[in-house]
Structure formats: C-alpha cells, structure tokens
Amino acid sequence: MNFYERLMNLDRRWVYLVVGIAVIIPVLNPFRVPVYVTQEVKAIYDCVESLEPGDILFLAIDYDPQAMAEVHPMAKAIMRQCFAKDVKLIISALSQNGPGMAEQLISELSKEFGKKSGIDYCYLGYKPYFSIVILGMGQNFRIPFPTDYYGVPLDSLPMMRGVQNYDDVKVVIDISSGNITDYWIIYGNGRYNVKLAVGVTGVMTANYYPYLASGQIFGLMGGLKGASEYEVLSKQGDRAIKMMSIQTTAHIVIILFIVAGNIGYFMSRKKKIK
Amino acid sequence: MHLTPDIGIWIGGLLTLGIFSFLYGDNPYYKFCEALFIGVSAGHWFVTLFWTVFVAKMIRNVEIGLNTFITQGFSAGMADYMHWSYIFGGILGFLMLLRLFPKIGWISRWSLAFVVGTTSGYYFITYLVSNGLRQIQRTILPLYVHGDFYTTIGNLIIIVGTFCGLTYFFFSKEHKGTFGGLARLGIWFLMITFGASFGYTVMSRMSLLIGRMDYIFGTWLGMLG
C-alpha cells in the first residue's frame, strides 16, 4: 500500500483528533482575526440604529439551546443595542425548548441596563404551533398571548397599551435555528407585510439568500460569522468575534483535509488507470 | 483552573463527553447519554404540550362553553361556539390515538385527512405567493443596466442560472445537443449552490463544536479567562 492509498484509507478518528486539537488550541490561546462586515448584516444594524427611543422592535428568539453557540450572540447584541438606545422590545420564543433560555438572556440584560418588564420590554414567551401564533399576532398580540410570560395580562402592561399587532412595531427580527423563519417570511412578511430581517444558523443561511434577493427580508445574519459581524458593528459584546479565530483555525484544517483527500483520490485513481 | 461547584454544569460536561465518546466508537456511555437526551426531550415535549394545548386550549375553552350552557341557557350556549367548538379538536385528537388499536386504527385517517386537507388548503396560497410568485418576479430582470456593470453581470448570472437549472429538471426531452449543454450548465449552477450550502454547514457544525469546547474548558473547567 503506497502513501496515497494509505491516505485514502486513513481512519476517520485521526481526522476527528486533528480537528479537535485545532479547536482546543485556539480555545485555550485565543487570538483575533479581522472580521469583514457584509451588506446584509449592516442593513440590520442600520435599521436598528435608525430607530428612535420609544420605537418598538419585535425580537423573535426562535432557537433551542443546542444552537446557542451560533445564534445566541446575535440575539444578545441586538437586545443590548436596543436597550442602549431605549428602543422597546416585544420578545417571543416560539421554539419549544427556547423560552427558559430567552428568559435568562432577558433577565441578564435587563438587570445590566436597568430595564423593566412591561415598561421597556414585553416578553410574550412560548405558545405551540408557531405558524398559527405568527398569524394570530398579525391580528392582535392578545389572541395567542393574552398574558405575558410572567402571567401578567398584556392590557395591564404600560408599553403594550395601544399596541395591537405588527402595524405597531417598526421591525421584526427573527433569530432562528429551524423552519420557524419560513413562517415569518410566509405569514409575517407575505401576509402582514412586516419589515423582516433574520439571523439563522450556518446550515440554513444559503437557503435564505433568495428571500434577501427578492426583498422579502431586508437583512440576513448567517451563523457565527454573521453574529461576529453584528458585534463588530454594534460594539455590543465580543463572544462571536473571539470564536472566529477558532473557526478560522478549524476551517484551515478542514480545507487541508479536503485537499489531501482529493490528492489521494486522484493519485490512486491515476495508478489504477495505469 | 477553577472547577465549577455547580452540579448542573458538571452533569452537562459529563454528558457532552459521553456524546463525544461516539467519535471513537459506539459504547455504553454514549448509549446512556443518547437515551437520556431522547427521554428528557420527549418528556419535556409531552409536559409542555399537555399544559399549553390540552389543558390551556381544550379543557379551559370547553369548560367555559359548558358553563355558558348551564348558567345562561341553550341559546346563549350555542352562540358561544368559539369556546365549545374546541371539543371537535379534542375528538379528532382522540381519534388519532385509535392507531394504537389495529382493528379500528383506520378511523385515525379521518383526523389525518382533516389536518392534511386544511393545512394544504391554507398553505397553498401563502406558499405560492412567497415561495413561487415572489421568487419568479425577482428573476425577471433587465439583461443590461446602463452604467452598472456589476448589476448587469449579476442579473445575467441569475437569469442564466435559473433557466439552466430548470432545464436540468425538464425530463420530457433527452438531454442532448444544445438542450443537454444547457442542462450541464444547470448542473454547474446547482453544484456551486450545494457547495455554498456545504461550506455553511461545515461552519455551522464547527460553531457547535466550538460552543461545546467553550462550555467544557470555560464554563465547566474554568480554564478560560
């Protein structure tokens, strides 16, 4: 067995080991890499930045804890930016395992910025069957959510007085790790014409570029890279920025493996033809 | 290094290592972690749906509806259909459970037929607009934009890519000659799309790995600053 054949028959556990080491080393010895901001992320930042104090932004936290590493920094940076600008937030969590995690984030940041539930933000929480909830909120937030997450009727919350539906919010930003985003596009934008931007996991990103091109969404943040871009723009947090160095190292290792695998494949095929 | 005293984080860390152990090979530790994850997820789903759908939606609404019948009479009760009509949802849900009994399992198809029929009817228009018409609309672009070279090139790529991609999926004519050439070009566009998707998938999976490493070395072992 020559070198190329051995390369082709390499035990996959060696690949896992090398990728693991490539991730662990920069985790323990962090360094910074430059982050280039794309237009689709800047559009979201500019939109939030253009809001006036007292304006309402609807933040949909539609991911489960397993996607936290990728999309949590997005939600955190947007929430921080809004609180810093005194923009009011209506927050929902339509992913089944997400409400507790969203609540943790809200309580952490509301303490940091001295914001109060019902005055500066309204956390609606979770209701099952997200497509029906998104449709219902288009008529009135009170249909799917008569009370907020803490059981307080929406009518008794000062910031919700006179706020009926999407017409009363300036923009909706959906941070998601599943197909809830599809329903925000179909119902939120398609039916109620809401101004919509999305932040999604890396796996999902390529699928949403057609919606960006068609104008159904005005901004798109994809995975950890999108999160790091938003952090660079908003200067709110640096968790994703720090992780980009680890991401870069891991990508270089994977590219090297792909190149080595292809060399092994073509060389061993060449030998077989001979 | 500052090990956390939080028992929950310890459990999370040990379970993470258990899942990672599958990379070396299948083993009982991994099996245990996998079964625990599935069991906890299923339990969480069941409890959440029980309280947010069965109790909060059906029981509460039917209770209000029945109360109207009892306190305000038959006509007022009938008029309050928004509450008591939830009973139909309950009946359809109950019929679904008949799948557990092979002899009368076929009745569950009524519930499925209702769900499939209403959902497809409802989604048809909305999907057609947002995933069909709006996308088609955006491919009808000018082939030449005066004074904007990049937009012209971008428009050409979208138009040619869409046309050739669709050509590849047209199977009523053999892929030969000019038609075959267009279909082959379509494959190239599709491959580039899949490549971009694969790249994002790698990034995504790496992000998840980084998140777990951050948890193990930072949150659990306290080795990060």
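Here are four short exercises with worked solutions on this predicted two-chain model.

Residues are numbered from 1 along each chain as written, with chains lettered from A and ligands numbered from 1 in written order. Local features need pLDDT of at least 70, side-chain atom pairs count only at pLDDT 80 or more, totals for chains, interfaces and linings use all residues, and side-chain values use heavy atoms, without hydrogens and water.

**Exercise 1. Describe the interface between chain A and chain B.**

Step 1: start with contacts (heavy atoms within 4.5 Å). On this count, 48 residues of chain A touch 36 residues of chain B.

Step 2: turn to buried area, the accessible area (1.4 Å probe) that two parts lose on being put together, summed over both. The two chains bury about 3800 Å² between them, with 64% of it on carbon and sulfur atoms. A:Gln96, A:Ile186 and A:Val203 supply 15% of the area that chain A buries against chain B, more than any other three residues.

Step 3: look for a salt bridge (a side-chain nitrogen of Lys or Arg within 4 Å of a carboxyl oxygen of Asp or Glu). There is one between the chains: B:Asp214 meets A:Arg239 at 2.8 Å, N to O.

**Exercise 2. Compare the settings of two salt bridges in chain A, A:Lys42 with A:Asp46 and A:Glu229 with A:Lys225.**

Step 1: take the distances. A:Lys42 and A:Asp46 meet at 3.0 Å, N to O, while the closest N and O atoms of A:Glu229 and A:Lys225 are 2.7 Å apart.

Step 2: place them in helices (DSSP runs of H or I, at least four residues, numbered from the N terminus). A:Lys42 and A:Asp46 are separated by about one helical turn because they are four residues apart in α3 (residues 39-49). A:Glu229 and A:Lys225 are also four residues apart, in α9 (residues 223-234).

Step 3: check exposure (buried under 20% relative accessible area, exposed over 50%, partly exposed in between; 1.4 Å probe, protein chains only). A:Lys42 is partly exposed at 34%, and A:Asp46 is partly exposed at 32%. A:Glu229 is buried at 3%, whereas A:Lys225 is partly exposed at 26%.

**Exercise 3. Locate B:Ile104 in its chain and find its exposure.**

Step 1: B:Ile104 sits in the loop between α5 (86-96) and α6 (108-137) of chain B.

Step 2: its relative accessible area is 37%, so B:Ile104 is partly exposed.

**Exercise 4. Find the distance between the two domains of chain A.**

Step 1: the bounds, from an automatic or database domain assignment, are 3-30 + 248-273 for domain 1 and 39-237 for domain 2.

Step 2: taken over C-alpha atoms, the centres of these domains are 39 Å apart.

Terms used. Helices (H or I, at least four residues) and strands (E, at least two) are DSSP runs, numbered from the N terminus.
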